[in-house]
Amino acid sequence: MKAYIVNITFEQIEPKIWRRVAMPAGATFNRLHEIIQRVTNFQSFFMDEPYHFFEMEVDGMLITNNEAMHEQYGKSKLNGLVLKRPSRLKIDSYLEKNRQLMYRYDSGDDWRILVELEAIVDDYYFGFPTLLEGEGTAPPEDVGGPPGYEQFLLTYHDPTDPDYEEIRAWAEAQQYRPYDPHFLNGMLKFSKYQKTEWDKIDHRNYEVLSDKYRGPSTQKAEEEKVVAEKEVTQKDQQLLDYIVACTNLYGIVPMEQVVAIYNEQNSDSITLNTLNELVRADSVQQQLEARFAYTEQDTFVAEALIDPTDRIALRKAAEGKPFYIPDAIELLRYVDDHYYERTPAQEKLVKMLKEDFGTAIDIEEEVHELVVNLQISGGAFTTPLSDFLQRLELSVEKAQRYIGVIIEIANTTRLWENRGFTPEELQPYEQERMIATAKHAQAKAGRNEPCPCGSGKKYKKCCG
């Protein structure tokens with residue numbers, strides 16, 4: 001796989017703070033922004049706050065995620081520069097031509113970070129970036145730029161300073177962390193935008209044994225421990241595929257549900273104890289993590305739900321809903337975490353994009369990003385629709401043609417909060433559940449008691 005080795009260096013800070021990163025080709029400018037945020041202590045990619053925008057001047061363009069700037073200037077030039085959104089523009093040709101890009105972040109703090117192309121390689125096989133080397137702890141958000149960071153460090157490291165305790169507490173709230181390559185590489189796995197080519201990687205059941213970029217993923221002692229454990233059998237591997245597929249389809253899935261689905265689709269049935277014993281092994285845990293699935297008590301959880309609040313919200317939204325269970329062939333397609341079921345509505349969108357844009361955009365990537373955004377948003381299409389229309393810079397007339405199709409896609413996309421069902425498929429079930437709930441409540445209500453519908457009237461004067 002083609003990839004770029006880049007050096008990411010803070011300007012105006014001594015001693016130098018830098019990161020050397022291998023990143024697969026095909027990243028958009030927005031993806032580059034995400035990668036820079038992940039290898040530093042900046043947080044804008046994970047927050048929705050004003051002023052935390054970035055800008056990059058490249059070949060007569062000003063590429064920025066500042067939506068207010070796009071709304072104000074539209075297609076007019078700003079200081080002679082054409083405004084471009086970063087979410088559909090890929091860095092490849094610009095990075096190779098210019099060899100370096102200047103990333104400016106947060107107009108208040110005015111951070112300047114130089115991205116320099118060091119090498120182009122064709123033997124990087126991971127679908128996400130890797131931090132190769134680096135030095136220096138990166139500054140936190142809102143510290144006041146290079147001068148503010150210099151003053152911050154003086155107070156942060158001086159227990160005699162009267163503001164020492166306060167600045168320490170503030171730094172913790174800003175998620176200011178010492179440089180930790182292992183932690184940062186864990187974060188970079190979330191920036192996956194290509195398919196990992198495991199067939200070209202020296203691994204044992206997805207545990208990396210040796211690689212010139214990522215190296216072995218365990219220390220020698222841990223590796224010997226893995227070898228000492230029982231070998232994963234072909235049946236075990238099939239069960240792991242079921243775990244990964246179910247995690248990708250549902251986001252969160254109870255272990256007992258995986259057992260039920262496996263036993264329904266295979267003659268060699270397993271028990272919950274069998275599954276528990278398998279996933280407790282360190283080598284199996286490492287295999288699952290390499291495939292972006294994690295165990296949490298009696299459930300499997302997708303890596304995208306790393307934030308506990310996201311897991312709580314999904315569990316609440318999915319509570320009481322049935323599981324959509326495709327046949328074994330379709331289910332195991334979800335082993336690929338980039339897979340999603342293609343629908344007639346998506347094909348209609350592909351046809352429209354080909355007619356309007358031809359080869360000017362990556363159509364498959366646009367459709368994929370739209371579907372993923374719909375899945376993340378739980379089918380609420382307003383934000384994904386807005387992002388899609390802005391990325392493509394569609395006129396009002398053209399936008400009207402797309403809105404209906406995108407609503408259709410939203411209604412036929414399989415959602416985590418629906419446990420794999422589409423909103424369209426789940427609608428009859430939800431109606432039946434509401435009717436059953438209402439009948440149950442009415443059956444319990446006395447004639448002179450408040451009506452369960454919430455009107456405030458007595459039951460006999462209302463729904464009774």
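Biologist: In what order do the eight strands of the open sheet stand?

Modeller: Heads up, this is a predicted model: local features need pLDDT of at least 70, side-chain atom pairs count only at pLDDT 80 or more, and totals for chains, interfaces and linings use all residues. Residues are numbered from 1 along each chain as its sequence is written, and side-chain values use heavy atoms, with hydrogens and water left out. Strands are DSSP runs of E with at least two residues, helices are runs of H or I with at least four, both numbered from the N terminus, and two strands pair if DSSP finds at least two bridges between them. Pairing in this sheet is mixed, and the order is β5-β4-β3-β6-β7-β1-β2-β8.

Biologist: Which strands are the edge strands there?

Modeller: Look for strands that pair on one side only. Those are β5 (82–84) and β8 (130–135).

Biologist: By how many degrees are neighbouring strands of this sheet turned against each other on average?

Modeller: Axes here are lines fitted to C-alpha atoms, for helices over the stretch in contact, and angles run from 0 to 180 degrees between N-to-C directions. For this sheet the direction is ignored, and the average turn between neighbours is 25 degrees.

Biologist: How many bridges join β6 to β7?

Modeller: β6 covers residues 100–105 and β7 covers 111–121, and the two run antiparallel. Along the pair, Leu-101 faces Val-115, while Arg-104 faces Arg-112. The bridges joining β6 to β7 number six.

Biologist: Which residue takes a positive phi in the hairpin of β6 and β7?

Modeller: Five residues sit between the two strands of that hairpin. The one with a positive phi, near 60 degrees, is Asp-106.

Biologist: What is the bridge partner of Glu-55 in β6?

Modeller: Strand β3 (residues 54–58) runs antiparallel to β6, and two bridges join them. In β6, Glu-55 is partnered by Arg-104.

Biologist: How do α1 and α6 lie relative to each other?

Modeller: Helix α1 spans residues 29–39 and α6 spans 181–188; their axes come within 9 Å and cross at roughly 150 degrees. Angles under 35 degrees count as roughly parallel, over 145 as roughly antiparallel, 65 to 115 as roughly perpendicular and the rest as oblique. That's why α1 and α6 are roughly antiparallel.

Biologist: Which residues of α6 does α1 meet?

Modeller: Contact means heavy atoms within 4.5 Å. From α1, Ile-35, Arg-38 and Val-39 take part, and in α6 they meet Leu-184, Met-187 and Leu-188.

Biologist: How many nonpolar residues does the contact of α1 with α6 have?

Modeller: Ala, Val, Leu, Ile, Met, Phe, Trp, Tyr, Cys and Pro count as nonpolar, Asp, Glu, Lys and Arg as charged, and the others, Gly among them, as polar. This contact has one charged residue and no polar ones, and its nonpolar residues number five.

Biologist: Are α8 and α9 oblique or roughly parallel?

Modeller: Helix α8 (residues 234–250) packs on helix α9 (residues 255–265) with axes 10 Å apart and an angle of about 120 degrees. That angle is why α8 counts, relative to α9, as oblique.

Biologist: Is the crossing of α8 and α9 left-handed or right-handed?

Modeller: A crossing is left-handed if the near helix is turned anticlockwise from the far one by less than a right angle, and right-handed if clockwise. The crossing of α8 past α9 is right-handed.

Biologist: What is the order of the three strands in the other open sheet?

Modeller: Pairing in this sheet is antiparallel. The three strands stand in the order β11-β13-β12.

Biologist: Which residue in β13 is the bridge partner of Ala-293?

Modeller: β12 and β13 (residues 299–302) pair in the antiparallel sense over four bridges. In β13, Ala-293 has as its partner Ala-302.

Biologist: At what angle does α9 run to β11?

Modeller: Helix α9 lies across β11, β12 and β13. To β11, α9 runs at about 75 degrees.

Biologist: What share of the chain's residues count as buried?

Modeller: Buried means under 20% relative accessible area, exposed over 50%, and partly exposed in between, with a 1.4 Å probe and protein chains only. The chain holds 18 helices and 13 strands. Of its 464 residues, the buried share is 46%.
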